[in-house]
Amino acid sequence: MTDFDPANFANVGPKEFAQLVKSTPDDKIAEVMSGDLRGKILAEVFNRMPQLFRADRAGSTNAVIHWSITGRPDGGTDTYEVVIADGTCTVNETPQHDPKLSLTMGPVEFLKIISGGANPVMMFMTGKLKAKGDLGLAANIANLFDIPKA
């Protein structure tokens, strides 16, 4: 599979998805993420987070993280809530709690981060990723999940 085909996204595993993101030009990802399939892709990514969560690495971490992905077709932002508590990870499509950490980024940056194709610290330093709240948690967040490498 060499073309970024979101219609098949639900049928590929995390590693295959990481390879798709890595091999697809940014402008093509941006085009797909500003279209009708954006909601399906975001829902699928966030639905996978609990399976990729590493409770053994989380220790006593209890945190609410809001992920805001800008660039919706209507100009808005999609915000998902990830709750890490008592060794579990749950996701809400609508934020229900005050966050310990809020992350804001564009759709291309989001897909690169969650597929292991970008360095979140560098994105933060260059302004492509905005973090508000617990920056220590932000720096450690990748360690809490099995992020596939393409």
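Rings of Phe, Tyr and Trp, the last taken by its six-membered ring, count as a pair if their centres lie within 6.5 Å, and planes under 30 degrees apart make the pair stacked, whereas planes over 60 degrees apart make it edge-to-face. The views below all show a predicted model.

**View 1. An aromatic cluster is formed by Phe46, Trp67, Tyr80 and Phe110.** A search of the whole structure finds five aromatic pairs. In one of them, Phe46 and Trp67 meet edge-to-face, with 6.2 Å from centre to centre and 75° between the planes. Because Phe46 belongs to helix H3 and Trp67 to strand E1 (residues 63-69), this pair ties together parts that are 21 residues apart in sequence. Phe46 has a relative accessible area of 0% and is therefore buried, and Trp67, at 5% relative accessibility, counts as buried too. Phe46 also pairs with Tyr80, here in a stacked arrangement with 4.1 Å between the centres and 5° between the planes. That second pair links distant parts of the chain, since Phe46 is in helix H3 and Tyr80 in strand E2, 34 residues apart. Tyr80 counts as buried, its relative accessibility being 7%.

**View 2. Arg38, Arg72, Asp74 and Asp78 are linked in a network of salt bridges.** Within this view, the side chains of Asp78 and Arg38 meet in a salt bridge, at 2.6 Å from N to O. Asp78 lies in strand E2 (residues 78-85) and Arg38 in helix H3, so the pair ties together parts that are 40 residues apart in sequence. Both partners, Asp78 and Arg38, are buried.

**View 3. A salt bridge joins Asp26 and Lys112, whose closest N and O atoms are 2.8 Å apart.** Because Asp26 is in helix H2 and Lys112 in helix H5, the pair ties together parts that are 86 residues apart in sequence. Asp26 has 39% relative accessibility and so counts as partly exposed, and Lys112, with 22% relative accessibility, is likewise counted as partly exposed. In the structure as a whole there are eight salt bridges.

**View 4. The side chains of Arg54 and Asp146 meet in a salt bridge, at 3.1 Å from N to O.** This pair links distant parts of the chain, with Arg54 in the loop between H3 and helix H4 (55-58) and Asp146 in the segment after H7, 92 residues apart. At 38% relative accessibility, Asp146 counts as partly exposed.

**View 5. Helix H1 (residues 14-23) contains the buried residues Phe17, Ala18, Leu20 and Val21.** Seen down the axis of H1, these buried residues fall within an arc of 160°, so they line one face of the helix. An α-helix has 3.6 residues a turn, so residues three or four places apart point the same way. The cover over the buried residues of H1 includes helix H2 (26-33), helix H3 (38-52) and helix H5 (107-114). Two of these helices, H2 and H5, also hold the salt-bridge partners Asp26 and Lys112 of View 3.

**View 6. Val121, Met122, Phe124, Met125 and Leu135 make a nonpolar surface patch of about 490 Å².** Helix H6 (residues 120-125) gives the largest share of the patch, namely four residues. Leu135, by contrast, is found in helix H7 (residues 135-140). With 43% relative accessibility, Leu135 counts as partly exposed, because that class covers values between the 20% limit for buried and the 50% limit for exposed.

**View 7. Asp86 lies in the loop between E2 and strand E3 (88-92).** The phi angle of Asp86 is near 55°, which is a positive value in a residue other than glycine. Asp86 counts as exposed, as its relative accessibility is 71%.

Terms used. Residues numbered from 1 in each chain as written. Predicted model: local features only at pLDDT ≥ 70, side-chain atom pairs only at ≥ 80, totals over all residues. Heavy atoms only, no water. Patch = residues over 30% accessible without salt bridge, like charges linked within 9 Å, V, L, I, M, F, W, Y side chains within 5 Å. Areas by Shrake-Rupley, 256 points an atom, 1.4 Å probe, with all protein chains shown as cover. Salt bridge = Lys/Arg side-chain N within 4 Å of Asp/Glu carboxyl O. Helix = DSSP H or I, 4+ residues; strand = E, 2+ residues; numbered from the N terminus. Buried < 20%, exposed > 50% of the residue type's maximum accessible area, 1.4 Å probe, protein only. Arc of directions from axis to C-beta. Contact = heavy atoms within 4.5 Å.
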